[in-house]
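Student: I have a chain on my screen and would like to go through it with you, residue by residue where that helps. Could we begin with one position in a loop and work outwards from there?

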Amino acid sequence: MSRSPLATPAAHGPLVASAIAAALALGMGLPAHAESTAKEKCFGVAMAGQNDCANLSGTHSCAGQAKTDRDPAEWKYVAKGTCKDMGGMTADEAKAKAKK
């Protein structure tokens with residue numbers, strides 16, 4: 001029984017290289033797009049279960065684990081420049097509030 005040429009590890013090299021090249025080519029336009037969609041961490045605006053990552057107190061390290069709405073230790077990415085309008089805080093402001 002003969003093996004398919006694509007079943008050998010050597011046959012995957014060109015396929016993987018092509019996939020990487022395509023991904024890099026698509027990424028060439030990112031800087032201009034990334035600039036227009038800049039995000040910032042905004043503390044105190046995430047609703048329960050909708051935080052983006054670990055909280056300030058270190059009680060969890062994953063997205064979606066906020067237990068209460070608008071907890072000052074929880075954060076969410078928002079469009080740059082909109083955090084204050086939403087009633088949110090920077091990381092430094094949230095840390096200062098946590099110390100009180």
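**A loop residue and its surroundings**

Tutor: Let us start with Asn51, which is located in the loop that runs between strand E1 (39-43) and strand E2 (75-79). Please keep in mind throughout that this is a predicted model.

Student: Is Asn51 buried or exposed?

Tutor: Asn51 is buried, since its relative accessible area is 3%, and a residue has to be under 20% to be called buried.

Student: And what does the side chain of Asn51 reach at 2.8 Å?

Tutor: At that distance the side chain of Asn51 reaches the backbone nitrogen of Ala66. The side chain of Asn51 also makes a polar contact with the side chain of Glu74, at 3.5 Å.

Student: Which residues is Asn51 in contact with, leaving aside its neighbours within four places in sequence?

Tutor: With those neighbours left aside, Asn51 is in contact with Ala46, His60, Cys62, Ala63, Gly64, Gln65, Ala66, Glu74 and Trp75. Two of these names have come up already, as Ala66 offers its backbone nitrogen to the reach of the Asn51 side chain and Glu74 is the partner in the polar contact.

Student: Staying in that loop, where is Ala73 found, and is Ala73 buried or exposed?

Tutor: Ala73 is found in the loop between E1 and E2, and with a relative accessible area of 16% Ala73 is buried.

Student: What does Ala73 touch, again without the neighbours within four places?

Tutor: On that basis Ala73 is in contact with Phe43, Asn55, Leu56 and Ser57. For Ser57 there is a distance to add, because although Ala73 and Ser57 are 16 residues apart in sequence, their C-alpha atoms are 6.6 Å apart in space.

Student: What about Ser57 itself, is that one buried or exposed?

Tutor: Ser57 is found in the loop between E1 and E2 and counts as exposed, at 51% relative accessibility, whereas Ala73 is buried. The side chain of Ser57 is joined to the side chain of Asn55 by a polar contact of 3.2 Å, and Asn55 is also among the residues in contact with Ala73.

Student: Switching to the rings, how many aromatic pairs are there in the whole structure?

Tutor: A search of the whole structure finds 2 aromatic pairs. In one of them, the rings of Phe43 and Trp75 have centres 6.5 Å apart and planes at 50°, so this pair is tilted. Phe43 lies in strand E1 and Trp75 in strand E2, so the pair ties together parts that are 32 residues apart in sequence.

Student: How accessible are Phe43 and Trp75?

Tutor: Phe43 is buried, with a relative accessible area of 3%, and Trp75 is buried as well, with a value of 5%. Trp75 also forms an aromatic pair with Tyr77, and that pair is edge-to-face, with 4.8 Å from centre to centre and 80° between the planes.

Student: So what do the ring pairs link up, and how accessible is Tyr77?

Tutor: The ring pairs link Phe43, Trp75 and Tyr77 into a cluster, and Tyr77 counts as partly exposed, at 43% relative accessibility.

Student: Which charged end sits over the ring of Trp75?

Tutor: That is the charged end of Lys41, which sits over the ring of Trp75 at 4.4 Å from its centre.

Student: On charges, how many salt bridges does the structure hold?

Tutor: The structure holds 1 salt bridge, formed by Lys84 with Glu93, where the closest N and O atoms are 2.4 Å apart. Lys84 counts as partly exposed at 48% relative accessibility, and Glu93 is also partly exposed, with a relative accessible area of 35%.

Student: Let me zoom out. How many helices and strands are in the chain?

Tutor: The chain has 3 helices and 2 strands, and along the sequence they follow the pattern α-α-β-β-α.

Student: And how much of the chain is made up of buried residues?

Tutor: Of the 100 residues in the chain, 17% are buried. The chain exposes about 7,200 Å², and carbon and sulfur atoms supply 63% of it. If you take the contacts between residues at least 6 apart in sequence, 53% join residues at least 24 apart.

Notes. Residues numbered from 1 in each chain as written. Predicted model: local features only at pLDDT ≥ 70, side-chain atom pairs only at ≥ 80, totals over all residues. Heavy atoms only, no water. Helix = DSSP H or I, 4+ residues; strand = E, 2+ residues; numbered from the N terminus. Buried < 20%, exposed > 50% of the residue type's maximum accessible area, 1.4 Å probe, protein only. Polar contact = N/O pair within 3.5 Å; in protein donor to acceptor, adjacent residues only side chain to side chain. Contact = heavy atoms within 4.5 Å. Areas by Shrake-Rupley, 256 points an atom, 1.4 Å probe, with all protein chains shown as cover. Salt bridge = Lys/Arg side-chain N within 4 Å of Asp/Glu carboxyl O. Phe/Tyr/Trp six-rings, centres within 6.5 Å; stacked < 30°, edge-to-face > 60°. Lys NZ or Arg CZ within 6 Å of the ring centre and 35° of its normal.
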